[in-house]
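Here is a short report on one protein fold. It goes from the whole chain down to a single strand.

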Amino acid sequence: MEASGIGFTLTRHGRVGSLEEAAAARGVDPSRVLKTIVVRRGDDDYLFVLVPGDRQIAWPRLRALLGVSRLSMPDKEVARDVTGYERGTITPFGATRAWPVVADERVAASDGAVSIGAGAHGVAATVDGSELVRVLAAQVADVTDPL
C-alpha cells in the first residue's frame, strides 16, 4: 500500500467472526467494509472483485462485463497460491501477481472512507474509495446485488 502512494490508516483488531464485528472494530458502516473476492476467468487467469460488505457479486452482470460465459471462485488453496494470501486476508495490494481489479460502482462512488483487508487476519486499511479505485486502476461497474 505504501508503494501505491495511497493514504491509509491501518487498524489491527484481531480476528472477527462477522461483517458486523469487522465493521465495529474498524469504525465503519458494514457497507464500507470491502470484500476482495478472487474470481477465476480461465486457466491461470484471475481477477479481484471489490464488493461492499452488504452486497454480493451479481454473476450475470460480471460475466457480461468481462465478456465470458463462465466464471468461478477458486478453492482456498488455489486462492492462496494465486494471490499469496489466505482466504479472509486477500487484498490486491502486494498479491503474488497484479491481477486486474473490478470494483463495484459503489466503491468509487462512496463519499469517503472504505476499509479493505491488509493481508493478515484482523488487519485492515481504511482508505478513500475513489482513491482506491484510482491506484488499483480498477474497472468500475455495477456488479453487485444486495445480500
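What follows covers overall form, surface and charge, then strand 5 and its partners.

**Overall form**

The model is predicted. The protein holds 5 helices and 9 strands. Along the sequence they run β-α-β-β-β-α-α-β-α-β-β-α-β-β. The C-alpha trace spans about 40 × 30 × 30 Å along its principal axes. The radius of gyration is 14 Å; a compact globule of 147 residues would have one near 15 Å, so the two agree. Of contacts between residues at least 6 apart in sequence, 64% link residues at least 24 apart.

**Surface and charge**

Buried residues account for 43% of the 147. The exposed area is about 7,300 Å², and carbon and sulfur atoms supply 47% of that. There are 17 positive and 19 negative side chains. The centres of these two sets lie 3 Å apart.

**Strand 5 and its partners**

Strand 5 covers residues 101-104. Which of its residues point which way? Val101 and Ala103 face one way, Val102 and Asp104 the other. In a regular strand, side chains alternate between the two faces of the sheet. Here all four, Asp104 included, are buried.

Strand 5 pairs with strand 3 and with strand 8. The table sets out both pairings.

| Partner of strand 5 | Residues | Sense | Bridges |
|---|---|---|---|
| Strand 3 | 45-52 | parallel | 3 bridges |
| Strand 8 | 139-141 | parallel | 3 bridges |

Individual positions can be placed too. Val102 in strand 5 stands opposite Val49. Ala103 has Val140 of strand 8 as its bridge partner.

Definitions and conventions
Residues are numbered from 1 along each chain as its sequence is written. This is a predicted model: local features need pLDDT of at least 70, side-chain atom pairs count only at pLDDT 80 or more; totals for chains, interfaces and linings use all residues. Side-chain values use heavy atoms; hydrogens and water are left out. Helices (H or I, at least four residues) and strands (E, at least two) are DSSP runs, numbered from the N terminus. The radius of gyration is taken over C-alpha atoms; the globule rule is 2.2 Å times the number of residues to the power 0.38. Buried means under 20% relative accessible area, exposed over 50%, partly exposed in between (1.4 Å probe, protein chains only). Contact means heavy atoms within 4.5 Å. Accessible areas come from the Shrake-Rupley method with a 1.4 Å probe; for residues, only the protein chains shown count as cover. Lys and Arg count as positive and Asp and Glu as negative; His and the chain ends are not counted. The place of a charge is taken as NZ of Lys, CZ of Arg, CG of Asp or CD of Glu. Two strands pair if DSSP finds at least two bridges between them.
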